[in-house]
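Here's a quick back-and-forth on how some strands and helices are arranged. Have a look at the model first.

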Amino acid sequence: MSAEASQLPKIDLSGVDPSAPGAGAWPAVRAQVMGALAAFGCFVAHYPALTPELRAALFDGAVKPLFALPVDSKRRNYYGPEPEKFFHGYLGEPQGLDGQESLAIMDPTKHEAVRAFADLVWPDAGDGDNAGFCETVHGAAKRMAELEEAVRRMVLEGLGVAERHEPLNESTWHLFRMWRYDSGEKKFRHPGSPGPHQDTNALSVVCQHEVEGLEVRTKAGDWIRVEPSPASLVVMVGNALRAWTNDRLHAPFHRVIVRGDAPRYSAILFSIPGCKIQAPEELVDDEHPPRFKPYYHDDFVGFSVSEEAARHEDKLKAYCGL
Ligand SMILES: O=C(O)CCC(=O)C(=O)O
Ligand SMILES: [Fe+2]
C-alpha cells in the first residue's frame with residue numbers, strides 16, 4: 001500500500017455550524033470536502049457536536065440493551081414487505097447473516113418515529129420507560145443528520161448547483177441503522193451485509209464505537225482501515241449521490257472485518273432520495289455526457305440483491321449505466 005493512501009483525509013468540521021450555511025469555516029471546509037469526495041468518496045469528519053458523552057450514551061445506554069433483547073423482539077422491527085422495504089428493518093440470522101445483526105429506524109430525526117420503534121421492541125414498557133432511549137437515539141441521529149445535510153449542501157454548492165439543494169433535500173429521508181458484529185472474520189453471505197459493497201443511498205455517516213472494523217478501498221485498490229475515535233465520524237458517498245452528480249463523486253467500496261475478540265457496534269445514518277435520481281441539466285454537457293439513466297432508489301436496491309447484480313462489481317453501471 002502506498003504511504004499516501006494509508007489514511008483517509010481528515011476534515012475538521014468543528015468550525016461549521018449546520019444551521020448557518022456559508023458562515024465561519026464553511027467555505028474552507030467545503031473546498032476540503034469536495035477534494036476528499038472526488039478523490040476518496042469519503043473522509044473522516046472531526047465533529048464534536050456529536051459529543052463523546054452522547055456517543056457513549058447511544059452505544060452503552062441504547063444500542064447494547066437493544067441487541068441484548070430476544071430475537072423475537074428484534075424481529076418486530078419491520079416496516080413492510082420487500083421490495084419497497086428492502087433493508088428497512090431487522091437483519092440477522094433469518095436473512096442468512098452469520099454473526100452480525102442490525103436494527104434500523106426510519107425517519108430517526110422525528111421523535112415520534114423513534115418512539116414508535118421503541119414501543120414495538122418494548123411493547124410492555126410502562127409510560128416513560130423508553131424516554132431515555134428515545135431521547136438519546138433521536139439526539140444522536142439528529143446531530144448526524146445535521147452533518148449529513150451540511151455536507152450534501154456543500155457538495156451542491158461546490159458543483160455550482162446550490163439552488164438544487166432545497167428540492168433535493170425536501171425529498172430526502174433518513175434511515176438510522178445500528179449494527180452488532182461478533183468478533184472474528186466472518187463469511188458475509190447476505191447481499192445486504194457488510195462484505196465489500198458500495199452504499200446505494202446518497203450519503204452515509206458512520207459512527208464506529210471503540211472497536212474498529214470499517215475498511216475503505218481506494219481508487220487504486222488499497223484497503224484502508226478506519227480507526228474509531230470519540231469525536232469523529234466517517235462520511236461516505238453512495239451510488240445515489242454518485243448518479244445525481246453525473247459520476248463526479250466517487251462511491252467507495254467498503255467492508256467490515258472484526259479482527260479482535262470483542263464484539264463491535266456501529267451506527268449509520270443513511271440519506272435516501274425519495275425522488276427520481278437524475279443529474280440536473282447543469283451537470284450534463286459535452287465534456288460530461290450523461291452517465292446514468294434516471295431511476296428510483298428502491299428499484300436499484302431491488303436490482304442490487306438480484307442474481308444478475310451479483311455478477312457485476314459496479315452494480316449502478318450494470319443497472320442504469322449509459
Ligand atoms: O458497520 C459499519 O461500520 C458499516 C456498515 C455498512 O457498510 C453498511 O451498513 O452499509
Ligand atoms: Fe455500507
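Q: In what order do the strands of the open sheet of 3 strands run?
A: This is a predicted model, where local features need pLDDT of at least 70, side-chain atom pairs count only at pLDDT 80 or more, and totals for chains, interfaces and linings use all residues. Residues are numbered from 1 along each chain as its sequence is written, with chains lettered from A and ligands numbered from 1 in the order written. Pairing in the sheet is antiparallel (strands are DSSP E runs of at least two residues, helices H or I runs of at least four, numbered from the N terminus; a pair needs at least two DSSP bridges), and the order is β7-β6-β9.

Q: Which are the edge strands?
A: Look for strands that pair on one side only. Those are β7 (223-225) and β9 (254-256).

Q: Which residue in β7 is the bridge partner of R217?
A: Strand β6 covers residues 214-217 and pairs with β7 in the antiparallel sense over 3 bridges. In β7, the partner of R217 is W223.

Q: How are α2 and α5 oriented to each other?
A: Helix α2 (residues 52-67) packs on helix α5 (residues 131-158) at about 135°, with axes 9 Å apart (axes are lines fitted to C-alpha atoms, for helices over the stretch in contact; angles run from 0 to 180 degrees between N-to-C directions). Under 35 degrees counts as roughly parallel, over 145 as roughly antiparallel, 65 to 115 as roughly perpendicular and the rest as oblique. The two helices are therefore oblique.
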